[in-house]
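Here are some notes to read with the structure open beside you. They go from one charged pair to the cores, and then to the contact between the chains.

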Amino acid sequence: MVAHRIVALGGNRTHLEGYAREFAADPRCEIVAVADENGISEYRNGLNRLLAAELKVPYLSLSEALSIADVDIVVSCVDIERRARVAQEVLACGKNLYLDKPLAGSVPDAVAIADAADSAGVTTQMLTTIHAPWAQEAKSTMRSGKLGRVRAIHSDMLMAKGRPGTVPPGTIRKEQGSDGIFTYVTAKRELFDMGIYPVSLIYWLTGKRVTSVNSVTGNYFFAEHAEIGIEDYGAMLLTLEDGTVATACAGRIGMPSHPQVGERRITMIGETGLATFAAADPHIEIYNTEPVSTSAAVHPYDPMQMWGSTAKETQPPPKNRWLTLGQSERSDIACFLDCLESGQRPQVTARDAVHHVEILMAAYESAVSGETVYLSQ
Amino acid sequence: MTTVDSPFEEYWKRLSQTVASAVNAGRIGVPKALRVVLHVHSDSFGLEDSIQEQAAVAARRSATGWFSEEVDSESVVGESGSPTGLLLRWRSGQSALLLISAGIASTTGSLVLMGSHGTIYHRIESALIRSTERVD
């Protein structure tokens, strides 16, 4: 008998493609339905139903799904614009909630989710990379004191997907800020969608709040982002509450631009030493007669290669020149389940994730004005 | 007479020229964004700020060369005696994010230069930075 019955919100071409399968693969779990709100677009509805069919579970309305007996976990990957409303409905029913990243598209929405989670007294966790071996090693090194007091920290999240080199020549981004819209078919706001990773990692590693943000965004690589008017890259200059300097780069830089999925790295500069931890390290490198291809067929609905479901259709060439040395890893989802069962507080809850949104929204504001934006402590 | 050049300055010069050759050959398309994390070894207590400033100037100069344009604006954070973070902006939209420190640890760092259709990566390791000694 499984310990946890799960409702999964969202569908294909969301991270639910992966999350649902990972929950289902855990012997402690059973997915009982895929669901979403009524009144969503036909496009989203169709993709949700497709995932439900693939998982061989019914597709239900949100209210129907939340009334299923013994459901104790909801996994939410709904569109960012709806995350607050849906999360509040889920939390009002007393369900534990695993959240896609970023938490929400505005600070008020993020706070609403966190407040609802606190009121419900349930377990919430937002996806981050903190449980990856390289992040865990960074934390361990920081705690060891080997570097002395850490005075500066940098993190990269540069996703090597999509076909670059298409941005129209002479394109100069004039950042307009966040209008609360983050859901598009062919691209994403990359400062938001990729920036969440370094920002959440820096906050988790240091435990210190960001007090100032200076940021820039760009349209450097892709026509798709430029056409929509959203950024494909962002860089942030941060100050933490204890004076620590932090920097973060986030964006989508194109499939040919890294031998693996992208540059995921953290460097900590301490009083007595430095240390860098990267997802790709340590690795072996293989050079042989296998053909090297740096491009893939472009899926019309996923030119940025965001989803596994579209990858099945385009079959991009494998990136296997670098093989990272295997390390045992407790996945983010497994850690969430562990916390649920042990009663331990997850390391990144909805409340923690509010600060990520504060930082990212401040980054957009700074990118508009070119000025530093200050956050309250 | 024996002349010893600054190992790091010589190394940075070679790095800058090599990157420039790749950029000029169009290997990464139009250079758009630079990211540098750099720690420079210093035995001299109290000179960290000066060394950081020199390193920042070197990185800035290289970026200006690679982007073929002067910096339009610069934002800086970091207290005296602490690492320095810089965000540079260019009128044509390029950007550079630099994190620079100096201290007793060995020189180390990394560079990522992103172009419109490719990226250059470099790891700076102290073992690769050798002193240049000229005997006249």
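1. Does A:Glu30 count as buried, partly exposed or exposed? In this predicted model, A:Glu30 has a relative accessibility of 34%, and because partly exposed covers the range between under 20% (buried) and over 50% (exposed), A:Glu30 counts as partly exposed. Its salt-bridge partner is A:Arg5, with 3.5 Å from N to O, and A:Arg5 is likewise partly exposed, at a relative accessible area of 24%. A:Glu30 belongs to strand E2 (residues 29-36) of chain A and A:Arg5 to strand E1 (residues 4-9) of chain A, so this pair ties together parts that are 25 residues apart in sequence.

2. Please set that pair beside another one in chain A, where A:Glu263 and A:Arg265 form a salt bridge whose closest N and O atoms are 2.7 Å apart. Here both A:Glu263 and A:Arg265 are buried, whereas A:Glu30 is partly exposed. The count over all chains comes to 27 salt bridges, and some of them share partners, so that A:Asp26, A:Arg28, A:Arg330, A:Asp338 and A:Glu341 are joined into one network.

3. Turning to the nonpolar residues, the largest nonpolar core has 101 residues, and the members that touch the most other members are A:Leu9, A:Phe23, A:Leu103, A:Leu205, A:Met236 and A:Met268. Helix H12 (residues 350-369) of chain A gives the most to this core, with 10 residues. There is also a second, separate core of 34 residues, which includes B:Ala58, B:Trp66, B:Leu113 and B:Ile120.

4. A:Leu103 is a useful residue to select on the display. Leaving aside residues up to four places away in sequence, A:Leu103 touches A:Arg83, A:Ala110, A:Ile113, A:Met126, A:Ala350, A:Ala353, A:Val354 and A:Val357.

5. How many residues does each chain bring to the contact between chain A and chain B? Chain B brings 39 residues and chain A brings 40 residues, and the area buried between the two chains is about 3,000 Å², with carbon and sulfur atoms giving 65% of that area. On the side of chain B, the three residues B:Leu97, B:Leu99 and B:Tyr121 supply 17% of the area that chain B buries against chain A, which is more than any other three residues supply.

6. The polar side of this interface deserves its own look, since the rule finds 12 residue pairs in polar contact across it, both residues being at pLDDT 80 or more. The side of chain B that touches chain A draws at least two residues from each of strand E2 (31-41), strand E3 (73-77), strand E4 (84-89), strand E5 (95-103), strand E6 (108-115) and strand E7 (118-125) of chain B. The residues on that side of chain B divide into 15 nonpolar, 18 polar and six charged.

7. Finally, two salt bridges are counted between chain B and chain A, and one of the salt bridges in the model pairs B:Arg123 with A:Asp281 at 2.8 Å, N to O. B:Arg123 lies in strand E7 of chain B, and A:Asp281 lies in the loop between strand E12 (274-278) and strand E13 (283-285) of chain A, so this pair joins two chains. B:Arg123 counts as partly exposed at 36% relative accessibility, and A:Asp281 is partly exposed as well, with a relative accessible area of 22%.

Terms used:
Residues numbered from 1 in each chain as written. Chains lettered and ligands numbered in written order. Predicted model: local features only at pLDDT ≥ 70, side-chain atom pairs only at ≥ 80, totals over all residues. Heavy atoms only, no water. Core = buried A, V, L, I, M, F, W, Y, C linked by side-chain atoms within 4.5 Å. Buried < 20%, exposed > 50% of the residue type's maximum accessible area, 1.4 Å probe, protein only. Helix = DSSP H or I, 4+ residues; strand = E, 2+ residues; numbered from the N terminus. Contact = heavy atoms within 4.5 Å. Buried area = accessible area lost by both parts, 1.4 Å probe. Salt bridge = Lys/Arg side-chain N within 4 Å of Asp/Glu carboxyl O. Polar contact = N/O pair within 3.5 Å; in protein donor to acceptor, adjacent residues only side chain to side chain. Nonpolar A, V, L, I, M, F, W, Y, C, P; charged D, E, K, R; others polar.
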